[in-house]
Structures are given as C-alpha cells and as structure tokens.
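Me: Could you take a close look at one part of this model for me, the aromatic side chains and what surrounds them? I work with force fields, so please spell out every cut-off as you go.

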Amino acid sequence: EEKRAGPASTLYCADGDDSLYPIAVLIDELRNEDVQLRLNSIKKLSTIALALGVERTRTELLPFLTDTIYDEDEVLLALAEQLGNFTMLVGGPEYVHCLLPPLESLATVEETVVRDKAVESLRKISQEHSPVDLEVHFEPLVKRLASGDWFTSRTSACGLFSVCYPRVSSTVKAEIRQHFRTLCSDDTPMVRRAAASKLGEFAKVLELDYVKSDIISLFTALASDEQDSVRLLAVEACVSIATLLPQEDLETLVMPTLRQAAEDKSWRVRYMVADKFSELQKAVGPEITKNDLVPAFQNLLKDCEAEVRAAAANKVKGKRLNIMLPFIRLIQYTNQHVKSALASVIMGLSTILGKDNTIEHLLPLFLAQLKDECPEVRLNIISNLDCVNEVIGIRQLSQSLLPAIVELAEDAKWRVRLAIIEYMPLLAGQLGVEFFDEKLNTLCMAWLIDHVYAIREAATCNLMKLVEKFGAEWAQNTIVPKVLGMANDPNYLHRMTTLFCINALSEACGQEITTKQMLPVVLKMSNDQVANVRFNVAKSLQKIGPVLDNNALQTEVKPVLEKLASDQDMDVKYFAQEAISVLPLA
Amino acid sequence: MMGDRPNPPRAMSSAATTSPSVDKVDGFSRKSVRKAKQKRSQSSSQFRSQDKPIELTPLPLLKDVPAQEQPELFLKKLQQCCTVFDFMDTLSDLKMKEYKRSTLNELVDYVTVSRGYLTEQAYPEVVKMVSHNIFRTLPPSDSNEFDPEEDEPTLEASWPHLQLVYEFFIRFLESQEFQPSIAKKYIDQKFVLQLLELFDSEDPRERDYLKTVLHRIYGKFLGLRAFIRKQINNIFLRFVYETEHFNGVAELLEILGSIINGFALPLKAEHKQFLVKVLIPLHTVRSLSLFHAQLAYCIVQFLEKDPTLTEPVIRGLLKFWPKTCSQKEVMYLGELEEILDVIEPTQFVKIQEPLFKQISRCVSSPHFQVAERALYYWNNEYIMSLIEENSSVILPIMFSSLYRISKEHWNPAIVALVYNVLKAFMEMNSTLFDELTASYKSDRQREKKKEKEREELWKKLEDLELKRGLRSDGIIPT
C-alpha cells in the first residue's frame, strides 16, 4: 500500500465540494490490490478528470498516472486507450502535450497490445498538436523513442514518423527521415519488422523525390533482409510505393525487387506476393501485369508449397473466365497438387461457369478432391456444396460425398470434426431425410459421446437444427429414444449430454414430447450421485419449464426443485434456487 | 471404424436397461479414442525446378586410394554430397540417393578415425556441404494449432541423408584435428543465424542434433558466443510478443541452461536483462507446457548463481500469474516450489507477503488440482521451516482462505489437506491462531461492509457523471 502512495494522496484535499469525495476514493481504488477494481477505476478515468477540472488533471492526476506505469498490462491497456481521448479533459489542444509523458512510458512497455494502443493514442493526439507544439514536444518524444535502448521503444517510434512528418519544418523532416533510415537497418529484427510494416505508410507522406531516393533504397534493402519475416513485409509496402511512383519509374525502381520476391527462397515471401496479387496488379498497371505479373502468378499457382498455391488460387475467382478456364484444364492434367489448392474457390466457380461447364470441367475435380488426403481440402469442398447445389444439384455428388463425410466425422483433429458437424444441417437439408436416416444418423449420435466437449456441444446443437428441419415426429422416432437412453450411461459426462440435448430439443419437440418423454427422465436424474448432473437437472428444469404446462410444473417440477434447493452441494442449491425464482411456481 | 472406439454406439441403447454405476467411471478418460494417425512427413521447402534425373559419377572408396590422394578425394566427395535430392518423390533417383547415403556414411567414418585429413582447404568444403544440405526454408506447419498431446509431429522426409550430414558435422566439430581458428572464417554469424532458424523444425530428431551442433559451436567459438545469445534473445522475444510459434524453444532453453551454469560472477547486466526481460515473459506463452521444465531449470540456475535475483523473479511470476488457465497455474506452482527449494531466508522475507497472497488465492481455487498443488508446499520440509520462522506474517495472510475452504470446498481431499495445514499452523503459533479464529467473523463482516460501500460509491459516481455530463454538455466542467 505505502509503495503506491504518490502524488495522489494530495488529491484527497478536495475543496469541500461533496461531489469530489467519491473521486478521492476512486483514486484510492486506483491503488487497490485487486486488479479488477483498478481496472474499473481506470475505465472511469474521464469521470475523475472531469470532476477534478482541467488544471488539477494536468498537475496532479497525470503525474500520478505516469507513476502507475508498472501496473498490470490489462490496466495499462485501458490507460493507454483512455489517454487518447483526454485532450479536452486537460484543457484542449493548447495543453495536449501534457498527455505525452504517460503515453511515452506506455509506448515502451513490453506487452505488444499495450504498446500498440499507446502508439495509436499518440497518433491520435498528434493531430491535436499545433505545428509549433509538434516540433517542441512531440517530435523530441519520437526521437527519444527512436533511440531508446530496448527494442520496444524503437518499434513504437516506427509508427509515429508518418504522423508528424507532414507538419514540421524541412530541417526536422530531414531528421525524421534519418531516424527512419536508422531503424530500417536496426540490429534487432523486431525493429526492422516494425519499420518495414510502416514503410508504405511513411512513403505516402514523403515528397516524391525522397520516395525515389530514400524509400526505394530502404525498400530494396528490407526486401533482401536476412530474415524472411522482414522481407515479406516489404512486399506489402510495395503496393503503396508502386502506387506513388509514375508509371515510367516502376520498371527500374520497383519491378526488380518484386520479381525477386515472387521467386524468393522462402515460401512465406512468395505467399505474400500471391496474397497481395490483386493489389499489386492494380498498383503496377495493366502493361506490367501482362508482361510480368501473370507469368509470376502462373508460377505461384504451381508453387511447391500448398499455402502459396492456395493464396494464389484464392485470387482466381476474380479473374476473367477466358483466362481461367485454360488454367483449370491445365491443372487437371499437369500438377496434381494445384488441384487441391483450388478447393476453397473452385466451388464458387460453378455459379460463374454454369451447369454444362460445371459438369464437364468441375465435377471431375470435385470428385477427385473429395478423396484428397488432406482433410482441409475435403472440408473446403463440402463446406461450399451449396454453390454447386444451386447449379447442378447435390445428387450428382452424394455417392462420393458419403465416404468423405464419414472420414471427416472421425478425423483425429477435433476441429475438423467440429467443422463437419457444422455443415451437417445443410447437408441433411440437401440430401433429404431418407438418405440422412440411412447414412448419417449414426454419425450424429456418435458425436454426442465424443471425448471433446466442444464436439458434444456442437452435436447437441446439430440435433436441434435437424429437428427444426425434419420435424417433431421424426425426432420422436429417431433421436429422442437414443438421447434419453444415455441418461443411464455409467459416464456422467454422457448423462449430462442427455440433459444438454433435452435443453436444446424441448422447444422444437413441443409440449407433448417434452412432458411425456423428457421430463420423467430429467426428474429421475435429480437423484444422480454426481453433483454436476444434479445441478444440470436444475438448469434443465429451468430451461424446459416454459414448454411444460402448469400442472406438470406444480406437481412434478416444483417438489424436485425444492428437494435440490436443500442439496448438500452449494452449486446444486444455487441453480435449484435460481430455477425456483425464475419459473412461475408459486 | 466404429469398432475402434471404446464406446460403440450399441452400448448406448443397451445401457438403458442397466442401472448407472456412477463413481467408477472417469469421464475425462481420452485413451485411444481416435484411430492412430499415420505419421506424416514433409520435405524441405525449396524453390527448385529440377526435372532432370541427377547423375553423380561414382568415386572410389577413400580407403582404397593411397594416403596422399585421400585429402583430394575427400574434397571431391564433399562436393558430390552438396547435391540435394527430392525425398517427397519416393521413386526418383533411387540409385543416386543410395550412393549419396553410402558416401555420407563413409565420410562419417572417415572424420572419426582418420588423422591428417583436415587440410585448410577442407574447411570451406565441409561447411559448404553441410550448408547445402541442412539450410533450407522450413515448410509451412501442417496445422496452425499444433497440439502436442494430440498431434504427431511432421517428420522430415529427407532424414536418411540429413541425419548423416548432422552426424558428420558433429564428428567434424569434435575431431581432435579441428581448429576453430581456421573454421571461424566459415562458421560465422550468418552460418549461426541460419542454424538457429532450423530450430523451428517440426522434426524432434533434427532439433536434437541441432542442439548438439549449437552446443559444440558455442563451446568452441568464443567470438560467436555473444552473438548466439543475442539471436536466441531475438527468437524468444519474437516467440513471446509476435508469433507464439517456434518449435525449438525447449532445445534452446536446454542449451541456455548449461550456458547459464558457466556464467562468471558477478553476472553481467546483459545476463540479468535476459532473465527479467526474456525468460520471465516466456512464462506467458500459451504453449508453456512444451518447455516449462527447461525454463524452470534456467530460472533456478540463475538464482543459484545470484540469490539477489530472487525478488525480481518471483515478482515477475506473480505479475504474469495465469488468471484462467489452471493447467498453467499448476506449472507456476511447481516452479515456485523449485525456487523456494533454493531460496535464501533473507530473500524469502523480502518476497513473502505478495507470494503468500498468491498462494492463498491458489489454495482456495475451485480447481482442485491447483489447490492441491499449492497445499503440497506444506509437505516440503524446507518451505515449512521458512513458514514457521515467519508464521506471524504468513498465517494472517493464509488464515481466512484456509478457514473458509475447510468449511466449503467441494472436494473432500482438499478439505482434508487444509485441515492438516491448519493443524500445522496451530502448532506453530497457537496464540495468533486463536486470535485469528476469534476475529474471523468480525473480519468477514468488515470486508462485506467495505464491499457494500464500494458498490454505493459506484452508484453515486454514475449519478455524478450524469449530473456533470448534463451541466457541461459532456466535456468541460463549468
């Protein structure tokens, strides 16, 4: 406690105004041991400042806040955000520079989110500085950060150059350019990455001559950095830089570097080229696109890494058909790997190609991809089935679909299983109830006893959607008996699944089924030995209560809840009491 | 496929007739639920367009030529081994792959047993051959969310060659004839940088070899030591603050463990900075479990070197204490116990208050594994002696948590452990214990009152804000 006592203690001496009393206590809370309470107070910082008035905010509150910088990152993040909106609270643009000291400290913090937020706030308030204040207060801060010892302050500086550059004198501009140059060749890769990621933004505020002299040499250097994580950021900057330059300079200043990037030895850099393809194309214009980019793009489509091919293939959709059809044929006959990379967009092509073209060119691909060894590829096809369904109808595919679905349903990665569950209602709708009962129902029930909770949860939700689709009668015949059977399972997690299913299904199944079939099972489970099951019984009763009629509520539900409300386990008690208070039992 | 599962769907319907036998089933068992996934392999990601088959002209065996011709032939073989094959294509260049494999084997034997083979010209060729083979851009990870408990690592397809190259390089570095003064021209900063990047390999076998290689280089090239440490720093910082993904953290920490062991005293500022600004933040990473043992070892090494670092280390851990992940909390508690095992009593006194406030929170965690792990401290004789010496400070911090749990924790095993701890405290300092017991109720009431006051305060504040807001049109008070 004593350690936190700073200038704030003086804030207690409020000027007899009653309304200031809570403010003093609030500031005391800024020093509370409980993080949550400190966080709450920080979030109310503007209120505190408002109550203190601009002068005391400047002279007392801000120095105090500058002192609390050692606090937890969560509190610092809230503080960094608040300070970006503080200009009026310190007396307007004339005094905005008072906010710089605490934000400067926050911009050197280790935690990235805090630092980024501090930089964001600094960028925001930079606009509120007059040109003179910018040179007297803001720019020196940027310089200090740019020459800080630890990498964190230097990375923060990278984000501040472009906001002050346009509004300072030419001498200061020259200094800023120099600092940026220095950071681009910093010893620490973290700093070079930060500089590379701001290169495009900085280029935009520079005079064209300096773009040609300074930026291009920095761009070239960063694009051949020893670390691929730096090189790939240069590709991003390339888009902005190319947009700034006149067409006749592109060939000499930008293209050599871009060509090199498209053939970089690191797939991450090539990926970035593929991913930014549309933007690059726009930036360099049609002529260079035709001569340079299209051949490069063809190579990326045939890249040895699936990631790169996928990024390239994603850009296929927007291209003109007559360009792409030959590609698709080429893919079919030459490179087997490219086929799988196209999986995520290929389905979308069917709407563009129309029925005949889809059957001729795409259907064989779909079928082949449904057998692909990579689950992501199969999933991509299945998840986009709706596009094909509109064009050719899903029946064409159903025989090939089934094995693919079964495989995915049992994939070792639970996220893959989760993904296929989420498509189940869509598939069921398209394949029809008969096909579903025959082939897919077993899968849906098996998911209910998966060892991963997220899968069981999704399986429950899936059942609800199926009932909505196929109706209550179907539910009563096919799934309700199985779900209720699990109430006797020796594994309590499975017994709880019964309850979760009932929660999800009761509304869709309606009062009759809920009262006659589900309710007795739930009530019986109130005697379960595991407390988790019992309190879920209470929760379930609360959930299905609205579906039941008043008689069942009074004669059956009420006594059981009352019994649970005096359970020895406190959680069971809690949820039983909650259900009693919510349901109309009185 | 269904048959592979321990709980086939059939069991669901038949179970309806049997009565539940509740307490014997562990609902969380996850044994072999899924069929074992076949191991996958990957090739290095290289940008190559070699469609033609590779031809290498077979050379005579080294032992079959006169001694004076051996150095020359050794160089030729090294040059041949610079050729890299595509192992994803299992059918291509079979003969030449086999030829290279046997040549590499021969080279391994040769550097192990031969004398006088290491001419000055051989150094650049060795480094070149090693570089050509091992340095490559690692391919994209198969899964972005690699779960070491569930997923198999992807294995390097070209391992039959790669392993021999590593083997050869290690023997070369360890050879009696090896002279760092010549080698340093070729094994330079750029070489080390590329070597460090390979630690991201998903193949544990490769990382294991890399560990030995880097360790040897660190030992033999004094001029590279600071550079290596700095680059490891950068890898870790990037891992913590940017990507959260790097496969070789455990291996690098293992090397660091032995490096720290050799630090001279007093520790340089650079090393202390590494501890506080890199090793401590490593605890925040999501995948901590993959390298926690090695990390804790490094931390304890530091503290054994310089006990005055105890306070910043423990404060660092407390700052990053996990708020939602109980699994990590258990790891933190384990590490703290390791630290407490070597703590000096003078250091303990400096940190005991914040430390036991945290332990008190852990003890009352609703997650029984966390509570249990914290309560195990009371089985540690050394920690017990420290607690006993400072019971007048620690007991008041711990008391209310312990007392409350003894009344209301859901897990009977925890309640039993807490009774033992309370008993121990009672024996340590019965006067204080009685006082605390007596004042427990009034203390709680005071706390509740404070809580209520706070709530009222917030309410008042909201009114105030409303009023002020109206008066000043939202921004400037009059």
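Reply: Happy to; here is a walk through the aromatic contacts, followed by the setting they sit in.

A word on the ground rules comes before the details. This is a predicted model, in which local features need pLDDT of at least 70 and side-chain atom pairs count only at pLDDT 80 or more, while totals for chains, interfaces and linings use all residues. Residues are numbered from 1 along each chain as its sequence is written, chains are lettered from A and ligands numbered from 1 in the order in which they are written, and side-chain values use heavy atoms, with hydrogens and water left out.

Let us start with the rings. Rings of Phe, Tyr and Trp (its six-membered ring) pair if their centres lie within 6.5 Å; planes under 30 degrees apart count as stacked, over 60 as edge-to-face and the rest as tilted. By this rule there are 34 aromatic pairs over all chains. One of them is stacked: B:Phe399 and B:Tyr403, at 5.5 Å centre to centre with 25° between the planes. Both residues belong to helix H18 of chain B (residues 391-408), where they are 4 residues apart, about one turn of the helix. Helices here (H or I, at least four residues) and strands (E, at least two) are DSSP runs, numbered from the N terminus.

How covered are these two rings? For relative accessible area, buried means under 20%, exposed over 50%, and partly exposed in between (1.4 Å probe, protein chains only). B:Phe399 is buried because its relative accessibility is 3%, whereas B:Tyr403 has 21% and so is partly exposed. B:Phe399 also has a second aromatic partner, B:Tyr440, in an edge-to-face pair with 6.3 Å between the centres and 75° between the planes. This pair links distant parts of the chain, since B:Phe399 is in helix H18 and B:Tyr440 in helix H20 of chain B (residues 430-472), 41 residues apart. With a relative accessible area of 13%, B:Tyr440 is buried.

Charges come into the picture too. A charge sits over a ring if NZ of Lys or CZ of Arg is within 6 Å of the ring centre and within 35 degrees of the ring normal. B:Lys407 lies over the face of B:Tyr403, 4.9 Å from the ring centre. Over the ring of B:Tyr440 sits the charged end of B:Arg444, at 4.6 Å from the centre.

Elsewhere in chain B, one aromatic cluster is formed by B:Tyr123, B:Phe135, B:Phe169, B:Phe172, B:Phe178, B:Phe191 and B:Phe221.

Two loops of chain B deserve a look as well. B:Ser365 is placed in the loop between helix H15 (345-363) and helix H16 (368-375), and at 9% relative accessibility B:Ser365 counts as buried. Contact means heavy atoms within 4.5 Å. Leaving aside neighbours within four places in sequence, B:Ser365 is in contact with B:Val370, B:Ala371 and B:His409. B:Pro71 is 294 residues from B:Ser365 in sequence and 68 Å away in space, C-alpha to C-alpha. The other loop, between helix H10 (249-261) and helix H11 (269-279), holds B:Pro266. A cis peptide bond joins B:Leu265 to B:Pro266, with omega about -5°.

Now for the chain that holds these features. Chain B has 20 helices and 2 strands, and buried residues make up 50% of its 478 residues. Among its contacts between residues at least 6 apart in sequence, 76% join residues at least 24 apart. The accessible surface of chain B comes to about 24200 Å², with carbon and sulfur atoms holding 52% of it; such areas come from the Shrake-Rupley method with a 1.4 Å probe, and for residues, only the protein chains shown count as cover.

Chain A is the partner to keep in view. Chain A has 35 helices and 0 strands, and 59% of its 586 residues are buried. A disulfide is a pair of cysteine sulfur atoms within 2.5 Å, and by this rule the count is 0 over all chains. A:Cys461, for instance, is in no disulfide, and the nearest cysteine sulfur, that of A:Cys501, is 11 Å away. At 30% relative accessibility, A:Cys461 is partly exposed. A:Cys509 is likewise in no disulfide, with the sulfur of A:Cys501 as the nearest cysteine sulfur at 10 Å; A:Cys509 is buried, at 7% relative accessibility.
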